[in-house]
Structures are given as C-alpha cells and as structure tokens.
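Please open the structure in your viewer and follow the stops below in order.

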Amino acid sequence: ETIEAINRGFPHWFCKNFTRHNNKEADIPFDQHMLLALIAPRSVYVVSAEEDTWADPKGEYLSLYHAGPVYRLFGLQTVPEQMPALDSPVIAGRVGYHIRRGKHNLTLYDWMRYMDFTDSLYREWPGTGNR
C-alpha cells in the first residue's frame with residue numbers, strides 16, 4: 001500500500017500534512033521501526049495476518065526487530081531476526097509478535113495472544129508476587 005493510496009482511501013487516518021509524502025516514500029525521514037523504538041522501554045505487541053499484504057506482514061515484523069537495539073539499550077530482550085511461523089507467537093520480554101492465518105481482521109485468536117502477552121508482562125512486574 002503506497003502512501004498516496006492510504007491517504008486517498010483512508011484520509012481520516014493521518015493529518016492532511018502527510019499527503020506531502022505521496023509518491024515520495026523513499027524521502028520520508030523516518031520509518032516504522034523508529035516509531036516502535038520510541039515506545040521503549042514500554043511494552044509493544046505487533047500482530048500480522050498472512051493474507052494482509054497491504055499491511056506487509058514481513059515489514060511489520062522487521063519493524064519490531066529493527067526497534068530491538070533501543071530495547072537492548074534498556075537491557076531488554078528483543079525478537080529474533082527470523083520471523084516466526086504462522087500461529088507461533090514469540091514473546092521476548094516486553095515485545096511480542098504473531099502472524100496468524102487469514103486476512104485483515106481482529107479475531108479471537110488475536111485477543112487470546114494479546115492476553116497471553118499481558119499475562120507474561122504481569123509475571124515480570126515487580127511487586128505482583130508472580131516473579
């Protein structure tokens with residue numbers, strides 16, 4: 001999905017100023033991994049679906065992977081370089097990811113993995129009695 005296509009099809013998702021980048025993807029001074037890195041040291045979980053090609057599942061995973069150096073600056077784990085198999089979530093401390101079968105959607109499977117991720121964080125937090 002190009003910036004122009006997303007701006008045309010979903011103009012409510014971004015500010016009008018983002019249209020300056022239509023057909024100029026290579027000139028944008030930032031990329032998704034930088035936005036994910038700004039979340040560190042807080043938790044982030046990324047979800048993809050194999051048939052959601054506009055969202056670029058591999059690119060979504062690589063964004064999380066390339067945010068890893070900033071998480072490591074905080075002494076935190078990051079996801080491995082290799083993208084996991086379908087329906088095989090990976091949780092690495094405060095970051096996690098899964099790619100599921102299917103198309104662009106939010107499914108019960110996704111919600112269950114969000115809850116698994118949240119449970120893993122709860123076990124990690126000091127003072128919860130679950131360390």
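Select Ile 91 first: Gly 96 in S3 stands opposite this residue. The model is predicted, so local features require pLDDT of at least 70 and side-chain atom pairs count only at pLDDT 80 or more, while totals for chains, interfaces and linings use all residues. Residues are numbered from 1 along each chain as its sequence is written, and side-chain values use heavy atoms, with hydrogens and water left out.

Next, display S2 and strand S3 (residues 95-100), which pair in the antiparallel sense over three bridges; two strands pair if DSSP finds at least two bridges between them. Strands (E, at least two residues) and helices (H or I, at least four) are DSSP runs, numbered from the N terminus.

Widen the selection to the open sheet, where three strands follow the order S1-S3-S2 with mixed pairing. S1 and strand S2 (90-92) are the edge strands, each pairing on one side only.

Now add helix H3 (residues 57-66), which packs on the sheet and touches S1, S2 and S3; contact means heavy atoms within 4.5 Å. The direction of H3 makes about 165° with that of S1, where axes are lines fitted to C-alpha atoms, for helices over the stretch in contact, and angles run from 0 to 180 degrees between N-to-C directions.

Move then to Leu 38, in the loop between helix H2 (32-37) and strand S1 (44-49). Is Leu 38 buried or exposed? Leu 38 is exposed, with a relative accessible area of 63%; buried means under 20%, exposed over 50% and partly exposed in between (1.4 Å probe, protein chains only).

Finally, show the whole chain, which has five helices and three strands.
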